[in-house]
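Student: I am new to this structure and would like a close look at a single part of it. Please take one strand, describe its surroundings, and then go on to the charged pairs and the cysteines.

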Amino acid sequence: MLQLPTPASQELSPIARTKSPFKICQWCFANCGLTLEMNILAMSWTVSDRLSWLCRWTSLMAALGEKVDRTASSNPDLHLNRATLHKYEENYGEALEGFSRAAALDPAWPEPQQREQQLLDFLNRLTSLLESKGKVKTRKLQSMLGSLRPAHLGPCGDGRYQSASGQKVTLEHKPLNALQPGVNSGAVVLGKVVFSLTTEEKVPFTFGLVDSDGPCCAVMVYNMVQSWGVLIGDSVAIPEPNLRLHRIQHKGKDYSFSSVRVETPLLLVVNGKPQGSSSQAAATVASRPQCE
C-alpha cells in the first residue's frame with residue numbers, strides 16, 4: 001500500500017499532521033469559509049489508485065491553507081504531502097523542491113530526504129535508459145522496429161477507436177517526434193518497448209517506447225493492477241497521446257526528457273490487442289457521517 005508520509009512528531013498545528021490529504025482539505029474548507037457537504041472519510045491510497053483529481057484538489061486546498069494560516073508554510077508535513085502529490089502529477093521539479101523544503105524544516109525526520117533521493121534515483125535511471133534506448137543493441141533494435149506492422153494498431157488503425165466523447169473515430173498514425181505537448185487528438189503512435197522501470201511504490205509503470213523516426217520516449221501508465229505490464233519487444237499503440245516535456249533542475253542536476261502519460265492501461269493496444277478490464281485497478285472509497 002502506498003502510504004503518505006509518517007508524522008515526524010506529535011506536535012499539533014492548524015493543519016494536523018496526518019496521513020490523509022482529506023484532513024488538510026477539511027481544515028482548508030473550514031478556515032477559508034467554504035461550504036461543502038462532504039461525507040468522504042478516506043480514499044484508498046493503494047498502488048492501484050492513481051490520485052488524478054485528488055492531486056489537484058488537495059494541492060489547491062493546501063495552498064489556500066497557507067494563505068489563511070501563515071504558520072502552515074513552516075509545516076514539513078504539508079510540504080512533504082504536497083510534494084508527494086506533485087510527484088504523481090509528474091511535476092517532478094516541484095516534488096523535489098517540496099521534499100527538500102520538508103527536509104530543511106525537520107532535519108531529524110529522515111523520510112523527506114529518502115523520498116527526494118528515491119525520486120532523483122528514478123530520474124537518473126530513467127534518463128539514462130532513455131538516452132541509451134534501453135541499452136538495446138543497434139542490430140536488435142532495427143530488427144524489432146522492422147517487425148512493426150499496421151495490424152499492431154488494432155482498433156486504433158481501422159476506425160474502431162472510441163474517443164472520450166463516445167464517438168468512433170479514425171486516428172492518424174504519427175511518429176513520436178511529431179507529437180505536440182498536451183493531448184494529441186486524432187493521433188496514434190506505435191512503437192516498440194525497449195525497457196521497463198518500476199519504483200518502490202510500483203507507481204507508475206514506466207517503459208521506454210521507440211519508433212523508427214526519433215529518440216526514446218517514456219510512457220507512464222497509471223491505474224493498472226500490479227500484475228499488468230509490457231515486455232521488451234512488445235508493440236504498443238497509444239491513441240491520442242498526452243505528451244509532457246520535462247525540464248528539471250535541482251541541486252546542480254539537470255534532467256530533460258519527454259513522456260506520455262496514460263491514465264489507464266485500457267487505452268493501450270499491446271501487440272494489436274486492446275487491454276481488458278482486468279488490467280485496470282478499481283478505486284475504493286469509504287465514507288461515514290462527520291461528527292462535530
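Tutor: What follows is a walk through one strand, its neighbours, and then the side-chain pairs. The model is predicted, and the values below are computed from it.

The setting comes before the strand. The protein has 292 residues, and 50% of them count as buried. Its secondary structure comes to six helices and 14 strands. Among contacts between residues at least 6 apart in sequence, 66% join residues at least 24 apart. The accessible surface is about 14,600 Å², and carbon and sulfur atoms account for 51% of that surface.

The strand to look at is β7, residues 205–210. β7 is mostly covered, as six of its six residues are buried. Its side chains can be sorted by direction: Phe 205, Phe 207 and Leu 209 point one way, while Thr 206, Gly 208 and Val 210 point the other way. The residues of both sets are buried.

β7 has a pairing with strand β6, residues 187–197, and another with strand β8, residues 217–221. β6 and β7 run antiparallel and are joined by five bridges. In one of the pairings, Ser 196 has Phe 207 of β7 as its bridge partner. β7 and β8 also pair in the antiparallel sense, over five bridges. Here Phe 205 has Val 221 of β8 as its bridge partner. The link along the chain from β7 to β8 is a hairpin of six residues.

Now the charged pairs. The structure holds seven salt bridges. One of them involves the loop that leads into the strand: the side chains of Glu 201 and Lys 87 meet with N and O 3.3 Å apart. Glu 201 lies in the loop between β6 and β7, and Lys 87 lies in helix α3, residues 76–88, so the pair links distant parts of the chain, 114 residues apart. Is this pair buried or exposed? Glu 201 is buried because its relative accessible area, 11%, is under the 20% cut-off. Lys 87 also counts as buried, at 12% relative accessibility.

A second pair starts just beyond α3. Glu 89 forms a salt bridge with Arg 261, and their closest N and O atoms are 3.7 Å apart. Glu 89 is in the loop between α3 and α4, whereas Arg 261 is in strand β11, residues 253–262; this pair, too, links distant parts of the chain, 172 residues apart. Glu 89 is buried, with a relative accessible area of 11%, and Arg 261 counts as buried at 9%. Salt bridges that share partners join Glu 89, Glu 90, Arg 261 and Glu 263 into one network.

Another salt bridge is formed by Arg 160 and Asp 158, with 2.7 Å from N to O. Asp 158 is partly exposed, at a relative accessible area of 44%.

Last come the cysteines. The structure holds zero disulfides. Cys 216 is in no disulfide, and the nearest cysteine sulfur, that of Cys 217, is 7.3 Å away. A disulfide needs the two sulfur atoms within 2.5 Å, so this distance does not qualify. Cys 216 is buried, with a relative accessible area of 8%. Cys 156 is buried as well, with a relative accessible area of 2%.

Technical notes
Residues are numbered from 1 along each chain as its sequence is written. This is a predicted model: local features need pLDDT of at least 70, side-chain atom pairs count only at pLDDT 80 or more; totals for chains, interfaces and linings use all residues. Side-chain values use heavy atoms; hydrogens and water are left out. Buried means under 20% relative accessible area, exposed over 50%, partly exposed in between (1.4 Å probe, protein chains only). Helices (H or I, at least four residues) and strands (E, at least two) are DSSP runs, numbered from the N terminus. Two strands pair if DSSP finds at least two bridges between them. Contact means heavy atoms within 4.5 Å. Accessible areas come from the Shrake-Rupley method with a 1.4 Å probe; for residues, only the protein chains shown count as cover. A salt bridge is a side-chain nitrogen of Lys or Arg within 4 Å of a carboxyl oxygen of Asp or Glu.
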